[in-house]
Amino acid sequence: MKLLKVAFFASLSAFAVTASASVWEQIRTPVQGVPQSVGGYSNGCLIGGQPLALKGEGYQVIRSVRNRYYGNPELLSFLKRLGQNGKNAGLPPILIGDMSMPAGGRFLTGHASHQTGLDADIWLRFGPMDDETARNPAGLATVMVDHAKQRVDERVWTPNQATLIKLAAQDPKVDRIFVNPAIKLKLCQTAGEDREWLRKVRPWFSHDSHMHVRLGCPEGSPSCEKQAPIPAGDGCGDELYSWFEPAKPSSSSKPKTVPAMPYQCQMILSNLGLN
């Protein structure tokens with residue numbers, strides 16, 4: 001174990017580091033080592049992360065200029081599998097947005113999670129895009145929700161979006177998928193008798209132009225923190241409809257505190273001189 005630790009931290013000296021952005025965004029290449037998702041989805045890091053090829057069967061990575069297309073190998077395998085399954089189902093190429101940064105960790109802006117290489121945003125509009133547009137497709141996301149009505153916008157929603165979400169939810173490696181409550185409602189109304197996969201589809205704020213897919217902790221990552229199990233049922237009852245009620249004012253005035261990172265993540269920053 002001691003020799004492994006020495007080899008791991010010795011390898012840190014080879015990383016490319018810049019002097020701008022947030023601490024974790026300064027790490028431009030992965031931490032070498034046996035792939036490990038460390039800590040929680042919203043408080044962790046990634047060892048042995050790998051970049052997803054920018055194009056593959058049935059998929060295309062977008063916004064690559066952000067350098068957020070890294071993940072645990074389990075995530076890369078899932079995304080390639082989803083692309084192939086989507087192609088087999090007759091879907092156009094899926095567009096994959098933010099995954100994790102090269103070493104995972106906290107973002108300066110944009111995400112609270114995506115820190116362990118197990119999360120990926122997948123657009124609900126399809127490709128393909130030309131390479132230059134795909135690198136930074138500003139303003140090209142398609143909002144699938146009519147927010148005034150709190151329902152899916154039928155002018156842009158098609159069965160293809162439902163097929164894509166269902167294919168992702170049926171994958172055994174997927175723990176849960178976050179979508180706008182209006183999208184969850186639409187899926188509940190149109191799923192038919194095959195409803196088991198709906199359990200994994202969870203309503204959450206925003207997420208009106210993409211789905212956020214989260215894998216469970218993979219084998220070989222003993223420091224990965226699992227989430228609580230999803231409640232039983234398809235999630236199409238009172239729990240879902242509560243999301244459409246007027247928001248109640250918060251009674252808490254306490255500022256949010258940032259929890260301490262797992263020690264493995266602290267050691268990465270320490271050995272790079274970034275803490």
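Where is the place of Asn67 in this predicted model? The first view below takes that up, and the others follow from there.

**View A. Asn67 sits in a loop with a positive phi.** You'll find Asn67 in the loop between strand S5 (59-61) and strand S6 (70-71). Its phi is near 60 degrees, and Asn67 isn't a glycine. For context, most residues other than glycine have a negative phi. Asn67 counts as buried, because its relative accessibility is 7% and the cut-off for buried is under 20%.

**View B. Gln150 is another non-glycine residue with a positive phi.** Here phi is about 55 degrees. The residue belongs to the loop between strand S9 (145-146) and strand S10 (151-152). Is Gln150 buried, exposed or partly exposed? With a relative accessibility of 34%, Gln150 counts as partly exposed.

**View C. A cis peptide bond leads into Pro128.** The bond in question runs from Gly127 to Pro128, and its omega is near 5 degrees. As a reminder, most peptide bonds are trans. Pro128 itself lies in the loop between strand S8 (119-126) and helix H3 (131-135).

**View D. Helix H4 has its buried residues on the same side.** The helix spans residues 159-169, and its buried residues are Gln161, Ala162, Leu164, Ile165, Ala168 and Ala169. Around the axis they cover an arc of only 160 degrees, so they end up on the same side of H4.

**View E. Helix H2 crosses H4.** Two packed helices are described by the angle between their axes and the distance between the axes. For H2 (residues 73-88) and H4, the axes come within 10 Å and cross at roughly 135 degrees. That angle makes H2 oblique to H4, and the crossing is right-handed. Which residues meet here? From H2 come Phe78, Leu82, Asn85 and Gly86, and from H4 come Leu164, Leu167 and Ala168. Sorted by type, the residues of this contact are 5 nonpolar, 2 polar and no charged. Leu164 and Ala168, which take part in the contact, are also among the buried residues of H4.

**View F. Asn180 is a buried loop residue.** Look for Asn180 in the loop between strand S11 (174-179) and helix H5 (181-190). Its relative accessible area is 8%, so Asn180 is buried. What does Asn180 touch, leaving out residues up to four places away in sequence? Its contacts are Val145, His147, Trp204, Ser206, His207 and Asp208.

Conventions:
Residues numbered from 1 in each chain as written. Predicted model: local features only at pLDDT ≥ 70, side-chain atom pairs only at ≥ 80, totals over all residues. Heavy atoms only, no water. Buried < 20%, exposed > 50% of the residue type's maximum accessible area, 1.4 Å probe, protein only. Helix = DSSP H or I, 4+ residues; strand = E, 2+ residues; numbered from the N terminus. Arc of directions from axis to C-beta. Axes fitted to C-alpha atoms, helices over the stretch in contact; angles between N-to-C directions. Parallel < 35°, antiparallel > 145°, perpendicular 65-115°, else oblique. Left-handed = near helix turned anticlockwise from the far one by under 90°. Contact = heavy atoms within 4.5 Å. Nonpolar A, V, L, I, M, F, W, Y, C, P; charged D, E, K, R; others polar.
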